[in-house]
Amino acid sequence: MTRARVFDLSAKAVAWAVAISTMVFLILIIGYVVIRGVPSIASVGLEFFTTAPRGIKMQGGVYPMIVSSIYLTVLSLVIAFPIGLGAAIYLAEYAGRGRFVELIRFSADLLSGVPSIVFGLFGLAFFVYFLKMGYSVLAGALTVFLMVLPTLVRTSEQAIKAVPRSYREASLALGASKWQTIRRVVLPSAAPGILTGVILAMGRAFGETAAVLFTAGSVPQTPASPLDGGRTLTVHLFYLATQGQIEDSFRVAAVLLFVVLGFNLTAGWMMARFRRRFG
Amino acid sequence: MASEVKFEKVDFYYGAFKAIDSLQLTILARKVSAFIGPSGCGKSTVLRMVNRTNELVAERTRLEGRVLIADENIYDGVDLFSLRKKVGMVFQRPNPFPKTVYENIAWAPRIHGVKRTDELDEIVEKSLKRAALWDQVKNKLKSSALSLSGGQQQRLCIARSIAVNPEVLLMDEPTSALDPRATARIEDLVEELKADYTIVIVTHSMQQAARISDSTAFFLSEGAGRPGRLIEFGETERVFTNPSSRLTEKYITGRFG
Ligand SMILES: Nc1ncnc2c1ncn2[C@@H]1O[C@H](COP(=O)(O)OP(=O)(O)OP(=O)(O)O)[C@@H](O)[C@H]1O
Ligand SMILES: [Mg+2]
């Protein structure tokens with residue numbers, strides 16, 4: 001065997017080993033959470049999802065936390081989606097390559113790397129105190145909105161830019177305006193990519209802990225309006241774990257895991273469906 | 001309604017670069033005109049002048065002189081959207097939208113204001129029939145256009161263009177990405193369509209130009225950085241058998257380009 005060939009084979013072996021061990025770790029983590037969480041949920045029964053926690057040790061269900069988590073996730077994305085998409089359309093289709101635009105892109109990339117607890121601190125100072133929203137789902141959603149916006153903008157921008165030029169050419173040559181072209185050709189073609197970005201953002205919003213603890217609070221109640229505080233599943237898990245209630249924590253962890261898994265599978269399914277239809 | 005396209009002393013610039021020099025040319029209605037010439041001589045540029053899409057592919061373009069469609073100067077206060085409705089274009093690579101067959105055809109009529117479903121159905125059927133594609137896709141109207149073969153996709157693009165009743169049909173090397181059979185079908189189609197439209201086709205194939213065009217225009221640029229010029233224009237048969245310019249003869253017989 002030549003040296004090059006030996007090198008080639010060992011590189012392949014290393015890559016393979018890394019890939020396999022990544023998968024093994026992933027399966028181990030998921031499997032562990034499932035094994036410790038699911039039977040435990042089963043022993044509590046359906047009421048785990050439908051009742052509020054009881055007593056000082058928070059036994060019973062996590063219904064208020066599920067509501068808080070969903071409320072916060074949906075609200076933050078309802079705010080983030082139109083703004084993020086608008087910004088992405090602007091950046092991809094109208095902005096060109098000016099200094100100012102590059103600065104916007106650069107800051108977006110920078111912001112997406114800022115630790116979430118820093119966002120949390122900002123949310124606490126700005127939304128909770130300065131704007132007097134108090135600990136509330138709204139303050140939490142706005143903070144999470146700021147957190148997910150940069151990534152949402154950048155993934156959507158890339159999805160829009162990936163739409164072949166030939167589609168735009170065809171559309172414009174048929175007498176469509178630029179906006180008609182964007183709305184009826186570019187955006188539908190970019191939709192799977194944009195959707196993936198949205199679902200990843202949802203996963204991030206749903207899984208966020210620190211920023212939400214600082215802004216939506218930790219009161220284990222079912223929020224009736226955006227101005228009420230709440231305790232998300234993640235924050236609940238945080239409290240349970242710090243109080244040493246490991247068994248209770250794994251139940252919550254299993255729920256979190258399944259929801260995030262659900263987000264990702266939905267994204268995959270929607271994309272596959274879209275691809276089948278449009279080639 | 002097919003219209004005549006007339007270029008009157010046209011100079012065309014990309015920024016400071018003069019791409020076309022004093023073009024004088026009349027393209028007859030209900031005829032197929034072929035543009036031939038070596039790469040970079042400006043065939044596509046001249047074609048794109050007719051639907052004003054050079055402005056889309058380049059930042060700064062400038063045109064001097066006049067381009068007339070049915071005696072109306074399209075570079076003088078014309079509405080671009082209705083101009084492009086009047087002038088259809090078919091590209092080198094088939095570029096159907098990633099939508100269904102039906103939606104591809106109904107797309108432009110919708111943009112231009114057709115709303116009623118029965119009316120759209122009728123346009124879709126008529127356009128697909130006109131493009132000799134109906135029989136092959138009538139049961140696949142709801143499938144993705146991208147599932148069609150390359151040749152079918154190109155005919156779909158032709159159907160998409162004629163769905164808004166253009167007066168002129170521009171084709172920029174429409175068969176260069178297709179196999180010989182698909183090419184032959186497009187050529188047959190072009191012959192049929194010329195009864196209703198003014199057709200301009202850019203081609204690198206002398207045989208194709210000879211087969212399907214009534215008139216041929218030969219363009220040439222004397223080297224990089226020099227503008228393209230129209231060397232010769234006339235009835236195809238005459239241009240190919242008895243060219244009046246030595247340059248045309250050289251190109252046709254394959255001695256350069
Ligand atoms: N978007 C553009 N910006 C600047 N210059 C351009 C642009 N498009 C074409 N040109 C230049 O204009 C000249 C004519 O180009 P054009 O594409 O019209 O030639 P063509 O005859 O169609 O060539 P081909 O046979 O390769 O398609 C060339 O010198 C080309 O470099
Ligand atoms: Mg060309």
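Here is a short walk through a predicted model of two chains, A and B, one selection at a time.

**Stop 1: the contact between the chains**

Start by showing both chains and picking out the residues where they touch. You should end up with 20 residues from chain A and 24 residues from chain B. Together the two chains bury about 1900 Å² here, and carbon and sulfur atoms give 65% of that area. Now select Pro98(B), Trp107(B) and Ile111(B): these supply 27% of the area that chain B buries against chain A, more than any other three residues.

What about polar links across the contact? Three residue pairs are in polar contact between chain B and chain A, counting pairs with both residues at pLDDT 80 or more. If you go hunting for salt bridges across this interface, the count is zero.

Next, colour chain B by its helices and strands. On the side that touches chain A, at least two residues each come from helix 2 (54-57), helix 3 (80-86), strand 6 (87-90), helix 4 (101-111) and helix 7 (150-162). Helix 4 of chain B gives the largest share of that side, with four residues.

**Stop 2: a nonpolar patch on chain A**

Move over to chain A and select Trp16(A), Ile20(A), Val24(A), Phe25(A) and Leu28(A). Show them as a surface and you have a nonpolar patch of about 550 Å². Click on Phe25(A), which sits in helix 1 (residues 3-44) of chain A. Is Phe25(A) buried or exposed? Its relative accessibility is 55%, so it counts as exposed.

**Stop 3: one loop, two residues**

Stay on chain A and go to the loop between helix 5 (116-130) and helix 6 (137-161), where you will find Lys132(A). Lys132(A) is not a glycine, yet its phi is positive, at about 55 degrees. With 72% relative accessibility, Lys132(A) counts as exposed.

Now select Ser136(A), in the loop between helix 5 and helix 6 of chain A. This one counts as buried, because its relative accessibility is 0%. Zoom in on the side chain of Ser136(A): one of its polar atoms lies 3.4 Å from the backbone oxygen of Met133(A). Which residues touch Ser136(A), leaving aside its neighbours within four places in sequence? They are Thr215(A), Ala216(A), Pro226(A), Leu227(A), Asp228(A) and Gly229(A).

**Stop 4: a covered helix in chain B**

Hop back to chain B and select residues 43-50, which form helix 1. Seven of its eight residues are buried, so the helix is mostly covered. The buried ones are Lys43(B), Thr45(B), Val46(B), Leu47(B), Arg48(B), Met49(B) and Val50(B). After this helix comes Arg52(B), with a positive phi near 55 degrees.

**Stop 5: a turn to the outside**

Then pick Asp71(B), in the loop between strand 4 (61-69) and strand 5 (72-73) of chain B. Asp71(B) is a residue other than glycine with a positive phi, near 65 degrees. It counts as exposed, since its relative accessibility is 62%.

**Stop 6: Ser215(B)**

Finish at strand 9 (residues 215-221) of chain B, and select Ser215(B) there. Ser215(B) is buried, with a relative accessible area of 10%. Show what surrounds it: leaving aside neighbours within four places in sequence, Ser215(B) is in contact with Val32(B), Ser33(B) and Ala34(B), and also with Phe233(B), Gly234(B), Glu235(B) and Thr236(B).

Note on methods: Residues are numbered from 1 along each chain as its sequence is written. Chains are lettered from A and ligands numbered from 1 in the order in which they are written. This is a predicted model: local features need pLDDT of at least 70, side-chain atom pairs count only at pLDDT 80 or more; totals for chains, interfaces and linings use all residues. Side-chain values use heavy atoms; hydrogens and water are left out. Patches are made of residues with over 30% relative accessible area and no salt bridge: like charges are joined within 9 Å, nonpolar side chains (Val, Leu, Ile, Met, Phe, Trp, Tyr) within 5 Å. Accessible areas come from the Shrake-Rupley method with a 1.4 Å probe; for residues, only the protein chains shown count as cover. A salt bridge is a side-chain nitrogen of Lys or Arg within 4 Å of a carboxyl oxygen of Asp or Glu. Buried means under 20% relative accessible area, exposed over 50%, partly exposed in between (1.4 Å probe, protein chains only). Contact means heavy atoms within 4.5 Å. Buried area is the accessible area (1.4 Å probe) that two parts lose on being put together, summed over both. A polar contact is a pair of N or O atoms within 3.5 Å; within protein, one must be able to donate a hydrogen and the other to accept it, and residues adjacent in sequence count only if both atoms are side-chain atoms.
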